[in-house]
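Biologist: I'm new to reading protein structures, and I would love a close look at a single part. Could you start with one residue and then walk me outwards from there?

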Amino acid sequence: MASASGAEPDAEDAEEAEEAIYEEVLPCDRMELSQRLAVEELITTEASYVHNIQLCVSDIRAHLQKKQLPDLDLEGLFSNTDDILHVSRRFLKGLEATATEGQEQLLCISTLFHEFKEEMETVYKIYCASYDHALQLVESYRKDPRLQEEILETLNATVPHTGASDLSFFLVMPVQRVTKYPLLLEKILKNTPASSSAHSALQAAARAMAQVNANINEYKRRREVATKYNKAEHLTLRDRLARLNTHSIAKKTTRLSRLLMHEAGIVAKTQDKEYDDLEEKFQCVVSSVATLKENVASYLGHLEAFLLPTPHQRDLQMDEGPAQQYRHFAECLQYTVFPEFKRRLDRLVCQPLSSLSDMLVGPQQLVKKRLDKLLDYEEIQERKSEMGSVTYDEEAAMNTYLAINDLLVAELPQFNQVAVQLLRQILCSFSTLQRDLAAQVLQRADRELEQMPHGHMPLPSFWKVVEDTLQHSGAQLQTFCQTFETVMPSPVTQPLNPAEERKVLSLVSKHGPDKLYQVTSNISGSKDLDLTLLRGQIVALLQSADTKGNTSRWLVDAGGPRGFVPAAKLQPYSLVQSQQRGMDLLTPESGTERRRHSYALPEAPKPQVATFTPTFQVVAGFSFAARSPQEVNLQAGQPVVVLEPHDKKGSKEWSLVEVNGQRGYVPSSYLVTVPVQEPVGWSLPV
């Protein structure tokens, strides 16, 4: 009995020991089980997530693309889901591969998160920054019955098992997934003993993914600030005045005073060498794009002007020979080669250049806004150092500057690089188009040249033919000019108006008649002491060289102002009889002599010698288009008859003229008086 009774306590002690051991082991098993379930949750939810993204890209988006709905912005809806799917597939493959690692699985998972954190941050920050815009599109499509019906039909046809009522069911998945990674890692970490070798690695992975989410949120905040300020506003003066208030005027005044103090060196300017270098390169790109855009437009305009003359459209009355070959070649250039070149230039150069120019508008607005916010930031920092604290609005203004500055520093390098690459490609396309144009023109010219008589002629013989042809053409032109001068009636001549005649007589009285010269063409002064004169004006020569001894620039008196003019645009001027009589009246000695010798015998009449008597005619210096029935049209160089050198109110700005039998008013400044010499021994038939 004793032994039996002694055995019962031993059995009870063993049972109590087993219970104690079980109680010690069970919590470890539960932790290990929870850890394993957390790892499985990570892998299974990742597989489900990748499957849903695959459905979104391959089924839903592809089905909507086939519908070709013009009002549906697929790029704005799905953003960079292709990049997310590519990264997530590789990440899932790595997670599934850790299942065979046994005890090292947790270390492999931690390492995998570290390897993918940069790629995840890159793709998810772009998607999250555009997510709000995608939701706005979804909301706008809900208000369009036709689009909403098409979207529902697509969802029912591709993913009926999900029960999704709109696209937001799938669009929110990437945003939810990236924010869930730190939570899943924390769950695994919670069920991992602190003594485990994977504990610290899991902690680092959880911190890394939390930092990824923080960086995505910061990037999204920067993008919101950028979206607010990078829009180019085209406001009218009325709208700008409507925005003015006491606060905005005070803020702009503070910025202006701060900027002036920077320029004057009163206060130090915040230095940021990294940003300054980036902005300098960006402004260089902006200037290059604007210059290239102007040069391409100018080049195309000059090329079109070169092909504008169309002698081949005139009836040359030549059925064969070089003239017809040239006609065929010119028509080919104008109607075939140039339109094709212009079309390719517009598609490969002009349109990309305009797109690049439009791309620069947003960053330009941000760069400009950064300067404004920098001035605010410096002002607030100075106030903070004096008072020790700032208001909530001032703190928000400082954060806005920091956000814009960080965004520009982060993205300007990549933007500059892409812009330079695009600019290089546009220049290469432009050069290639020019080479193609030259090759095409030369090919067609060679084809036409082979059909000409001198196409295979040796070069010396060809130049001999050219020289003989030019001499023959010159002789024909000279004969034509002589014949033309013989049969052409004399132009209508008119005396100078009183003001011009008084100026001429004043110049004669000061400098003498042998010093008078007339301007042969319009002169535009380009230097400080140069004169600007119109064709036909009379001047007096003061010195036949400038101060440096240059004989091509003469010093003249224009009847008031004095200055230098090109000597090549002056020709000697002779007084007409009316002006000679005026000079006689202005000379007192002539009257005195006649009174003193009134009894002298009259002189014998001198024989009349035929000489060139310079007269004047008034011509239109510029073309003028009539804008009312009281005015008349003018063509540059067209002779006119001045009926009255003023209008009905006596204003000298308008003159009544007669042109081709029509009478009307024209601006007096458009009229120019030029000398005309009558030919010897010829008069109009009576």
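Biologist: What is the relative accessible area of Arg-344?

Modeller: Happy to help! Keep in mind that this is a predicted model. Arg-344 has a relative accessible area of 24%. Buried means under 20% and exposed means over 50%, so a value in between counts as partly exposed. Arg-344 is therefore partly exposed.

Now look at what its side chain meets. Arg-344 forms a salt bridge with Asp-436, at 3.4 Å from N to O. Arg-344 sits in helix H12 (residues 322–359) and Asp-436 in helix H14 (residues 392–450), so this pair ties together parts that are 92 residues apart in sequence. Asp-436 is partly exposed too, with a relative accessible area of 31%.

It helps to set this pair beside others, as the structure holds 22 salt bridges. One of them joins the side chains of Arg-221 and Glu-218, at 2.8 Å from N to O. Here both partners belong to helix H8 (residues 198–229): they are three residues apart, which means about one helical turn separates them. Arg-221 is partly exposed at 33% relative accessible area, and Glu-218 is partly exposed at 26%.

Helix H4 (residues 105–142) gives you another example. Its Arg-142 and Glu-139 are also three residues apart, so about one helical turn lies between them. Their side chains meet in a salt bridge of 2.8 Å, N to O. Arg-142 is partly exposed with a relative accessible area of 39%, while Glu-139 counts as partly exposed at 38%. Salt bridges can also be linked up: Lys-67, Glu-150 and Glu-153 form a network of them.

From here, let's step over to the strands. Five strands make an open sheet in the order E4-E3-E2-E1-E5, with antiparallel pairing. Strand E4 (562–566) and strand E5 (570–572) stand at the edges with a single partner strand each, so one side of each has no neighbour in the sheet. From one strand to the next, the twist averages 50°.

A helix joins the picture here as well. Helix H16 (residues 498–511) packs on the sheet, where it touches E1, E2, strand E3 (553–557) and E4, and its direction makes about 20° with that of E2. H16 has 14 residues and spans 20 Å from its first C-alpha to its last, close to the 20 Å expected at 1.5 Å a residue. The buried residues of this helix are Lys-503, Val-504, Leu-505, Leu-507 and Val-508. Just after H16 comes Gly-512, which has a positive phi near 95°.

Finally, zoom in on how the strands pair. Strand E1 (residues 516–519) and strand E2 (residues 538–543) are antiparallel partners over three bridges, and Gln-518 stands opposite Ile-538 in E2. E3 and E4 also run antiparallel, joined by five bridges; Leu-555 has Phe-564 in E4 as its bridge partner. E3 and E4 form a hairpin with four residues between them, and in that turn Gly-559 has a positive phi of about 85°.

To come back to your starting point, Arg-344 is partly exposed, and its salt bridge with Asp-436 links H12 to H14.

Terms used
Residues are numbered from 1 along each chain as its sequence is written. This is a predicted model: local features need pLDDT of at least 70, side-chain atom pairs count only at pLDDT 80 or more; totals for chains, interfaces and linings use all residues. Side-chain values use heavy atoms; hydrogens and water are left out. Two strands pair if DSSP finds at least two bridges between them. Helices (H or I, at least four residues) and strands (E, at least two) are DSSP runs, numbered from the N terminus. Axes are lines fitted to C-alpha atoms, for helices over the stretch in contact, and angles run from 0 to 180 degrees between N-to-C directions. Contact means heavy atoms within 4.5 Å. The expected span of a helix is 1.5 Å times one less than its number of residues. Buried means under 20% relative accessible area, exposed over 50%, partly exposed in between (1.4 Å probe, protein chains only). A salt bridge is a side-chain nitrogen of Lys or Arg within 4 Å of a carboxyl oxygen of Asp or Glu.
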